[in-house]
Amino acid sequence: IEISEYNTRRTIYMDTATAPEPEPSATGYSTGRWAGETLVVTTTHIDWAHWSELGLPQSDQSTILERLSVSDDGNVLNLAVTVFDPVMFTRPFTIERTRSWTPGIVIPPYNCVVEWED
């Protein structure tokens, strides 16, 4: 998966028999499987101090479960993300989002440049 934020590339291993051994990284180690028409992705080994751009903390024990499906007309991607982190949260929480198909849209590179003044 190409992620525009930070120009990030994330790999989801669909065949765990041939996947490399998990290693901690900023995007973690993701494995996927199909449940009918839904892609279910489990991510572990996350080596990043924050779960979101808002600074929500996460520990190295965080596990993220994603469920991705496409609407019947093929124009909407449905995404449900459940975060399990027994160190930071008292219970799992789920965020649901949709993304509409927008052909022709080009996502520009993420060019975050901070110009500090003294």
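**A guided reading of an all-strand chain**

Read from the N terminus, the elements of this chain follow the pattern β-β-β-β-β-β-β-β. The structure is a predicted model. In it, the chain has eight strands and zero helices. Along the principal axes, the C-alpha atoms fill a box of roughly 55 × 40 × 30 Å. The chain contains 118 residues, and buried residues make up 23% of them. The area that the chain exposes is about 9000 Å², with carbon and sulfur atoms supplying 54% of it. One may also consider the contacts between residues at least 6 apart in sequence: 25% of these join residues at least 24 apart.

The arrangement of the strands comes next. Six strands form an open sheet in the order S3-S4-S5-S6-S7-S8, and the pairing within this sheet is mixed. Strand S3 (12-13) and strand S8 (93-100) are the edge strands, each of which pairs on one side only. Within the sheet, strand S4 (residues 29-35) pairs with strand S5 (residues 38-44) in the antiparallel sense, over seven bridges. The student can locate this pairing by finding glycine 32, which stands opposite valine 41 in S5.

The beginning of the chain offers an example of an exposed residue. Glutamate 2 belongs to strand S1 (residues 2-3). Its relative accessible area is 55%, so glutamate 2 is classed as exposed, a class that requires a value over 50%. Apart from neighbours within four places in sequence, glutamate 2 is in contact with Thr8 and Arg9.

A charged pair provides a contrast. The chain has one salt bridge by the rule applied here. In this salt bridge the side chains of arginine 10 and glutamate 66 meet, with a distance of 2.4 Å from N to O. Arginine 10 lies in the loop between strand S2 (8-9) and S3, whereas glutamate 66 lies in strand S6 (residues 63-70); the pair therefore ties together parts that are 56 residues apart in sequence. Are these partners buried or exposed? Arginine 10 has a relative accessibility of 11% and therefore counts as buried, the limit being under 20%. Glutamate 66 also counts as buried, at 11% relative accessibility.

Serine 62 leads towards the interior. This residue is found in the loop between S5 and S6. With a relative accessibility of 1%, serine 62 counts as buried. The side chain of serine 62 makes a polar contact with the side chain of glutamine 58, at 3.3 Å. When neighbours within four places in sequence are left aside, serine 62 is in contact with Thr43, Thr44, Ile46, Val83, Phe84 and Asp85.

Two of the residues that serine 62 contacts, Ile46 and Val83, also belong to the largest nonpolar core. This core has five residues, namely Ile46, Ile64, Val81, Val83 and Phe89. In soluble globular proteins, nonpolar side chains tend to be buried together. Valine 83 illustrates how a core member is surrounded. Not counting residues up to four places away in sequence, valine 83 touches Trp51, Ser62, Thr63, Ile64, Phe89, Pro92 and Phe93. Among these, Ile64 and Phe89 are members of the nonpolar core, and Ser62 is the buried loop residue described above.

Terms used
Residues numbered from 1 in each chain as written. Predicted model: local features only at pLDDT ≥ 70, side-chain atom pairs only at ≥ 80, totals over all residues. Heavy atoms only, no water. Helix = DSSP H or I, 4+ residues; strand = E, 2+ residues; numbered from the N terminus. Buried < 20%, exposed > 50% of the residue type's maximum accessible area, 1.4 Å probe, protein only. Contact = heavy atoms within 4.5 Å. Pairing = 2+ DSSP bridges. Salt bridge = Lys/Arg side-chain N within 4 Å of Asp/Glu carboxyl O. Polar contact = N/O pair within 3.5 Å; in protein donor to acceptor, adjacent residues only side chain to side chain. Core = buried A, V, L, I, M, F, W, Y, C linked by side-chain atoms within 4.5 Å. Areas by Shrake-Rupley, 256 points an atom, 1.4 Å probe, with all protein chains shown as cover.
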